[in-house]
Amino acid sequence: MRERCQSVLMTARGRPQQQIAEDLGTTTRNIQRFLARYRAEGMEGLKIQWAPGKTPLIPKELAPTILDWIRQGPRACGLKRAN
């Protein structure tokens, strides 16, 4: 977010996009994207939008059961040792 806000401020001060990209360690294309989103949506456009990510392999309903197994240890689950 800091990088995005800095790119907007530097542009407002008249710095070329190439220089801004070099100073911030990014590409001119990223600077162009930040500025376009800022122009279209204001500060809301600069917020980072994370992808939803991969679907969990273990359902949320099983989480308490699994945590109980971990807390009880291997012997409570019928195992002789941890490995």
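## A guided tour, starting at E44

Begin by selecting E44, which counts as partly exposed at 49% relative accessibility. Please keep in mind throughout the tour that this is a predicted model.

With E44 still selected, add K47 to the view, and you will find that the side chains of these two residues meet in a salt bridge, with N and O 3.2 Å apart. K47 is also partly exposed, its relative accessible area being 41%. This pair belongs to a set of 3 salt bridges that the structure holds, and the next two stops visit the others.

**Next, select R15 and D23.** Here the closest N and O atoms lie 2.4 Å apart, and the two residues form a salt bridge. How exposed is each partner, R15 with its relative accessible area and D23 with its relative accessibility? R15 is partly exposed at 30%, and D23 likewise counts as partly exposed, with a value of 46%.

**Then move to helix 4, residues 63-72, and select D68 and R71.** Both of these residues lie in helix 4, and they are 3 residues apart, which is about one turn of the helix. Their side chains form a salt bridge in which the closest N and O atoms are 3.8 Å apart. R71 is exposed, with a relative accessible area of 64%, whereas D68, at 39%, is partly exposed; since the cut-off for exposed is over 50%, R71 passes it and D68 does not.

**Now go to helix 1, residues 2-12, and pick out R4.** R4 has its place in this helix, and it offers a contrast with the charged pairs of the earlier stops. Is R4 buried or exposed, and which side chain of opposite charge is nearest to it? R4 is buried and yet has no salt bridge, the nearest side chain of opposite charge being that of E3, which is 6.1 Å away. A salt bridge would need a side-chain nitrogen within 4 Å of a carboxyl oxygen. If you set aside the neighbours within four places in sequence, the residues in contact with R4 are F34, R37, L46, K47 and I48, and K47 among them is the residue that you saw paired with E44.

**Keep helix 1 in view and add helix 3, residues 28-41.** Two packed helices are described by the angle between their axes and the distance between the axes. For helix 1 and helix 3, the packing angle is about 80° and the axes are 9 Å apart, which means that helix 1 is roughly perpendicular to helix 3. To see where they meet, select E3, R4, S7, V8 and T11 on the side of helix 1, together with I31, F34, L35, R37 and Y38 on the side of helix 3. Sorted by class, this contact has 5 nonpolar, 2 polar and 3 charged residues.

**Hide helix 1 and bring in helix 2, residues 17-24.** The axes of helix 2 and helix 3 come within 8 Å and cross at roughly 105°, so helix 2 is roughly perpendicular to helix 3. The contact is made by Q17, Q18, I20, A21 and L24 from helix 2, and by T28, I31, Q32 and L35 from helix 3. By class, this contact has 5 nonpolar and 4 polar residues, and no charged residues.

Within this contact, select Q17, whose place is in helix 2. Q17 is partly exposed, with a relative accessible area of 28%. Leaving out residues up to four places away in sequence, Q17 touches T28, I31, Q32 and L35. Another residue to select for orientation is R39, which is 22 residues from Q17 in sequence and 15 Å from it in space, C-alpha to C-alpha.

**Finish at G25.** This residue lies in the loop between helix 2 and helix 3, and at 66% relative accessibility G25 counts as exposed. As a last step, draw a distance from the C-alpha atom of G25 to that of E3, and you will see that these atoms are separated by 9.3 Å, although the two residues are 22 residues apart along the chain.

Key:
Residues numbered from 1 in each chain as written. Predicted model: local features only at pLDDT ≥ 70, side-chain atom pairs only at ≥ 80, totals over all residues. Heavy atoms only, no water. Axes fitted to C-alpha atoms, helices over the stretch in contact; angles between N-to-C directions. Helix = DSSP H or I, 4+ residues; strand = E, 2+ residues; numbered from the N terminus. Parallel < 35°, antiparallel > 145°, perpendicular 65-115°, else oblique. Contact = heavy atoms within 4.5 Å. Nonpolar A, V, L, I, M, F, W, Y, C, P; charged D, E, K, R; others polar. Buried < 20%, exposed > 50% of the residue type's maximum accessible area, 1.4 Å probe, protein only. Lys, Arg positive; Asp, Glu negative; His and termini not counted.
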